[in-house]
Amino acid sequence: MYRMIQLESLIPETLPGVALFIKHGDNHVLYKDPTLSFTQGDKERLLDNNVKCLFVKAAEMSTYNQYVESNLPLLLSDESIEPELKQSMLYQASVNYVQEIFDSPAIAIKQNVERCRNLIKHILNDVMNSCGVMPALSSLVDHNAYTYVHSVQVATYSIALHIKEFDLGRDELMDVGMGSLFHDYGKVYVPKELLDKPGKLSPTEFMEVKKHPVYGYSTLRDLDIFTPVALGIVKHHHEKENGSGYPDGLSSYDIARSSKITAIADVFSALTTNRSYRQALSKESALEIMYGEMDGSFDLQYLKTFKETLH
């Protein structure tokens, strides 16, 4: 199995440490051996042939992810790279890393917590310094990697809304980012066939899916690396203003503001992302549902502010 990577994520005259492939029809042909550097000449030849993406073996994605993460500061500070492309690289790198973490044992989070925090720092800087994140986040949509794309979208939307609504320090914004990035981590303990089921879940199936906030909260709490703010987001992002949410049936003032905001980001991302069984809604249609069919679910002040951040 192969995974697509962006050509611009490779730094000329560096050693990616993985074999690089070009796709010809249905075949993947070796382009460069892992012991060879990726040169400026390589990049120019590929671009001249209208090649913008390469491929690496799925088994080598961890090595590639670490390569990209170590070079992100250089990539993001390179003035020759268009801002939109920098955003695309940042968010795609984040999705790749979330997939690596979610597909690994829980202890991997503890071992790589600084990598998680560094990604959140980059996302935070992008949200604070860019004009908007919608195009970059929309470009990530791929139902085959829904959980990972969704996690990055929710973290970014949550950070953006917190910045818009409150005057917070970077430490608290980091907590928000970490909590919202891992808000759905508990789904790794829910059978995949339930998460991907195209039809309506039975009451028993829905009860199992509804356990994911507690699964995630319990696992991440036991790692002893997440703050109460982050853990609160993981546990309470499905609580509702009218008290009809889960797992604790909290309402209004009993729900932390960070959980209320992540709930908005969570639903908006879910509605505007392609799934294997339905097409993504437009942002206008998603907001119409959130204000209409889902009336009573959200803090209206936060929802109003979120709507403003999308324009």
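This briefing walks through salt bridges, helix packing and some backbone details in one structure. Keep in mind that the model is predicted. A search of the whole structure turns up 15 salt bridges, and a few of them get a closer look below. The stretch from α12 onward takes up much of the text, with a stop at Asn96 in helix α3 along the way.

**Salt bridges**

- Let's start with Arg115 and Glu100, which form a salt bridge whose closest N and O atoms are 3.5 Å apart. Arg115 belongs to helix α5 (residues 113-129) and Glu100 to helix α3, so this pair ties together parts that are 15 residues apart in sequence. Both Arg115 and Glu100 are buried.
- Next up is the salt bridge between the side chains of Lys235 and Asp248, at 3.8 Å from N to O. Lys235 is in helix α12 while Asp248 is in the loop between α12 and α13, so the pair ties together parts that are 13 residues apart in sequence. Asp248 comes out as partly exposed, with a relative accessible area of 40%.
- Glu241 and Lys260 also meet through their side chains in a salt bridge, this one at 3.0 Å, N to O. Here the link is between distant parts of the chain, 19 residues apart: Glu241 sits in the loop between α12 and α13, and Lys260 in helix α13.
- Is Glu241 buried or exposed? Glu241 has a relative accessible area of 19%, and the cut-off for buried is under 20%, so Glu241 counts as buried. Lys260 is buried too, with a relative accessible area of 11%.
- There's a network as well: salt bridges link Lys32, Asp42 and Arg45.

**Asn96 in helix α3**

- Asn96 has its place in helix α3, which covers residues 83-102. With a relative accessible area of 7%, Asn96 is buried.
- Which residues does Asn96 touch, leaving out those up to four places away in sequence? They are Arg3, Met61, Tyr64 and Asn65.

**Helix α12 and its surroundings**

- Helix α12 runs over residues 228-236, and its buried residues are Ala230, Leu231, Gly232, Ile233, Val234 and His236.
- What do those buried residues of α12 pack against? Three helices are listed: α8 (170-181), α11 (212-223) and α13 (257-271).

**Backbone oddities**

- As background, most residues other than glycine have a negative phi, and most peptide bonds are trans.
- Tyr246 to Pro247 is a cis peptide bond, with omega near 10°. Pro247 lies in the loop between α12 and α13.
- That loop between α12 and α13 also holds Ser252. Ser252 isn't a glycine, yet its phi is positive, at about 40°.
- Asn50 is another non-glycine with a positive phi, about 60° in this case. Look for Asn50 in the loop between α1 (40-48) and β4 (53-57). Asn50 is exposed, with a relative accessible area of 61%.

**Helix packing: α13 with α14**

- α13 packs with helix α14 (residues 283-291) at an angle of about 130°, and their axes are 9 Å apart. That angle makes α13 oblique to α14.
- As for handedness, α13 and α14 make a right-handed crossing.
- On the α13 side, the contact uses Ile264, Val267, Phe268 and Leu271; these meet Lys283, Ala286, Leu287, Ile289 and Met290 of α14. Sorted by class, the contact of α13 with α14 has eight nonpolar, no polar and one charged residues.

**Helix packing: α14 with α15**

- Moving along the chain, α14 and helix α15 (residues 300-309) have axes that come within 12 Å and cross at roughly 170°. So α14 is roughly antiparallel to α15.
- From α14, Leu287, Met290 and Tyr291 meet Leu300, Leu303, Lys304, Phe306 and Lys307 of α15. The class breakdown for the contact of α14 with α15 is six nonpolar, no polar and two charged residues.
- Leu287 and Met290 are worth picking out on screen: they are among the α14 residues that meet α13, and they also meet α15.

Technical notes: Residues numbered from 1 in each chain as written. Predicted model: local features only at pLDDT ≥ 70, side-chain atom pairs only at ≥ 80, totals over all residues. Heavy atoms only, no water. Helix = DSSP H or I, 4+ residues; strand = E, 2+ residues; numbered from the N terminus. Buried < 20%, exposed > 50% of the residue type's maximum accessible area, 1.4 Å probe, protein only. Contact = heavy atoms within 4.5 Å. Salt bridge = Lys/Arg side-chain N within 4 Å of Asp/Glu carboxyl O. Axes fitted to C-alpha atoms, helices over the stretch in contact; angles between N-to-C directions. Parallel < 35°, antiparallel > 145°, perpendicular 65-115°, else oblique. Left-handed = near helix turned anticlockwise from the far one by under 90°. Nonpolar A, V, L, I, M, F, W, Y, C, P; charged D, E, K, R; others polar.
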